[in-house]
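Morning, everyone. Please pull up the structure, and I'll walk you through it.

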Amino acid sequence: MGRPNEAVEALLQEFADLLAITNGEPYKIRAYENAARTVAGYPVDVSGLDLRGLREIPNVGKSIAEKIIEYFATGHVAALDQLREEIPAGVRELVTIPTLGPRKAMILYSQLGIASVDQLEDAIHSGLLEEQHGFGPKTAANLLHGIELLARSSGRVLLDEAMAVAEEVTRALSAHPACLTCAYAGSLRRMRETVGDVDLLAASTDSGPVMEALTHLPLVGEVIAHGPTKTSVRTTTGLQVDLRVVTPQSWGAALQYFTGSKEHNIRVREIAVRKGLKLSEYGLFRIDDDALVVSETEEAVYAKLDLAWIPPTLREDRGEIEAARTGRLPDLVTIADIRGDLHTHTDLTDGTASLTDMLAAASARGFHYYAVTDHAKSLPMQRMTDEKMLAQRDRLRMLADTTDLELLHGTELNIDPDGEVDWDGDFLAGFDIRVASIHSRFGQPRKAMTRRLVRACENPYVNVIGHPTTRKLNQRPPVNADFDAVFEAAAATGTAMEINSCPDRLDLPDDLILRARQHGVKFAIDTDAHAVAHLDNLRYGVGTAQRGWLSADEVINAWPLDRLREFIAAKVARLAPVGAGARRARQGRH
DNA sequence: GCCGTTTTCGGCCCGACTGTTTTCAGTCG
C-alpha cells in the first residue's frame, strides 16, 4: 500500500464508481472524484490531519472529511462497505469494457443478474442480451469486441510508442492538400507517462478528404467511427487514434480543448462561465448573444480569461490556473536548457554502442558536456574491474582533444541492500561524477528500503540517485520507501534525484518530483542511454520534469559545468572524512 | 457533496457519435 493519501484516493474513487453504477447524483459522483484527485496531490499526509485540517483541502467538505477520519480510525468506511455489498466486484469490472458505462452495467446486473465479464460473454452468446430492452445486435457485437480488446491489451501505451504513431500520422496528414495544420493534442501533448489513445487535430476548410485520408493510412487496422468532424481508428498494433478536423478560425480553441486535461478544462470553463462566456472547441463565446470572442490561438483564449498561456505539461489542475492568474507560472526547463547528459553507457558494459560513437552522437546533439557512466564492479554480469574502469578513464582523457564536449568520467554504482556502493572513498574520488542506483532486491520492506536510499544519499561521493523508484511502467511497481525521508536526505546532503528519460521508466515520476522539490531537492534529467538512439529520449525526461513544475535552475545538468563541478565538490568537502593527505597538509601549516 | 469578490441556496462544462428508444440516452473525451 502506498502513502495514506493514495489509499484515500483509491477509497474515494471507488466510492464515486459505485455511486455511478447505483445511479447516484451526477454532481455527488463528481464531488467524490474531485476530492480523490485533490487528496492524492495534497502535499500533507492526510492520516495526520483532524477534521479541521482535512476540510482545508480543496473539494473536501464535512461529509468526505468525516469519512476520511472514519477510515483512519477504524480501517473502514461504513457507507462504502454498504455500497460494496450492493454491487459485486464483477460489476465494477464490467465498466472497464469500452462502450459499457455505469448505466448499462447496472441494467445488466439488475435485470439479467450479470456480475462478471465472463457472464456477460455467456449472455451475449446465448442471445440473452438481445432480449433486453435497449441492447440490440450492434451493442452485443461492440461488447464482444471490447471484451476481446480488454483481454489482449494492457490499456495504456508508453510515450515513445504513442509519439511514433502521432508523428507518422501528423506527417502524412500535413502533406494532404486539404490540411492546413495538423498537430497532436491530448495526454501525449501533456507528456503523461502513458497514453490511452492518440488525439490529433487538423485545420481545414474541407474536412471530408482529411478524414478520409486518415482511414486509408497503412498503419490503420480498423475504423471505429467516421463522422463529419470526428474520425476514430485503431492502428494495427491496437492503439486508438482520434482525429478532429476544425476550421482554421477555431484552431486555438480546439487545440486548448483537445489537449485537456479534462480536469483542467473544467476549471477553465468555470472561469469562462463566471465571466458570462462559454468555451467550447469552437471558440470562446458570449453567453447572452452567442457572439464569438476569440478562437484562433490558445494564447488569445487564455488571455480573454485573464490567464497567461499555460504550458500543456502543466494542465492537470494542480495549481496551474491559480499560477496563471497571478503571474506565478514556473519558467519550465526545456530541452534547450540541458547542457549535458550525466548517465550514459557504452559497450564496455551493457551498452550497445562504442565510446566514440556515443561521444559523436552526444556532440551532434549540441551538448556542452557529457558523462560516461558505465556500470561498476558489483553487478557480476557486467564483468567490470578496477583496471577496465581506469583504462576507460585514460582513453576518455585522450579523446578530450578530439571533441568539443567536456568529457566527464563517471560510473553508475550499485546500491546494495544495506545502502553501500561498489568502491571505497579513495577509488570513488577518482571519478568526476557518480550515479548510484538500485538494481536488485526490489522487494525490501519499506524501512530497509528507505534506509538503503538514505545511506546512498549520505555517501559523500554519490552525486545522483539513478531511477530512484526503479519502477518499470506496465511491468514492475515502484519500490516501497518513505520518499519524503529520502528527499530530505537528498536535499540535506546535496544529492540530486534523477529523472530518467527511458519511456518505460520516467523515474522519478511527476508526482514524486512535485514532492521532492518541496524539500529543496535538485534534479538531473538523464537518458541512461545504452545506445545512440536512446539519447533522443531526453524529451520524455524533460516533459516529465515539466510536469513536476521544474525550472532550469533546479536541474544540475542545465547548469554550466563550473557550477556542476562546485555542486559535486561541495558534497565531498562537507561529508568526506578528512583523508591522510589532507590531515598532513593541515598539520604542516601549524 | 462542495462551494461563495453576484450566492449559506442553487448552481455545478460541453459537444460528438452510436445505436436504437421515431426524439433520445449512454458513453466518451
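First, a term we need: pLDDT is the predictor's confidence in each residue, on a scale from 0 to 100. We need it because this is a predicted model.

How does chain A score? Its mean pLDDT is 90. Of its residues, 96% reach 70 or more. Now look at residues 580-590. There pLDDT stays under 50. For that stretch, the model has two contacts beyond four places in sequence. Where pLDDT is low, the predicted coordinates should not be read in detail.

Next, the layout. Chain A is divided into domain 1 (4-152), domain 2 (157-246), domain 3 (251-325) and domain 4 (335-575). How far apart are the centres of domain 1 and domain 2? Taken over C-alpha atoms, 31 Å separate them.

Now the inside. The largest nonpolar core has 60 residues. Which residues have the most contacts inside that core? They are Tyr370, Trp423, Met497, Phe523 and Ile525. A second core is separate and has 45 residues, including Val39, Leu100, Ala123 and Ala140.

Go back to Phe523 for a moment. Set aside its neighbours within four places in sequence. Phe523 is then in contact with several residues, among them Met497, Leu508, Ile513, Leu550 and Val555. Its contacts also include Arg517, Glu554 and Asn557.

On to the cysteines. How many disulfides does the structure hold? Zero. Take Cys182: the nearest cysteine sulfur belongs to Cys179, and it is 4.9 Å away. A disulfide needs the two sulfurs within 2.5 Å, so that pair does not qualify. Is Cys182 buried or exposed? Cys182 counts as buried, because its relative accessibility is 14% and the cut-off is under 20%. Cys502 is also at 14% relative accessibility, so Cys502 counts as buried.

Last stop, the DNA. Strand B is surrounded by 48 residues. The closest are Arg30, Gly61, Gly136, Tyr257 and Arg269. Which part of the strand faces them? Of the strand B atoms within 4 Å of the protein, 77% belong to sugar or phosphate, and the rest to bases.

Three backbone contacts are worth finding on screen. Thr99 has a backbone N or O atom 2.7 Å from a phosphate oxygen of strand B. For Gly101, a polar backbone atom is 2.7 Å from a phosphate oxygen of the strand. Gly136, one of the closest residues, places a backbone N or O atom 2.7 Å from a phosphate oxygen there.

Methods: Residues numbered from 1 in each chain as written. Chains lettered and ligands numbered in written order. Predicted model: local features only at pLDDT ≥ 70, side-chain atom pairs only at ≥ 80, totals over all residues. Heavy atoms only, no water. Buried < 20%, exposed > 50% of the residue type's maximum accessible area, 1.4 Å probe, protein only. Domains from an automatic or database assignment. Contact = heavy atoms within 4.5 Å. Core = buried A, V, L, I, M, F, W, Y, C linked by side-chain atoms within 4.5 Å. Near = heavy atom within 4 Å. Polar contact = N/O pair within 3.5 Å; in protein donor to acceptor, adjacent residues only side chain to side chain.
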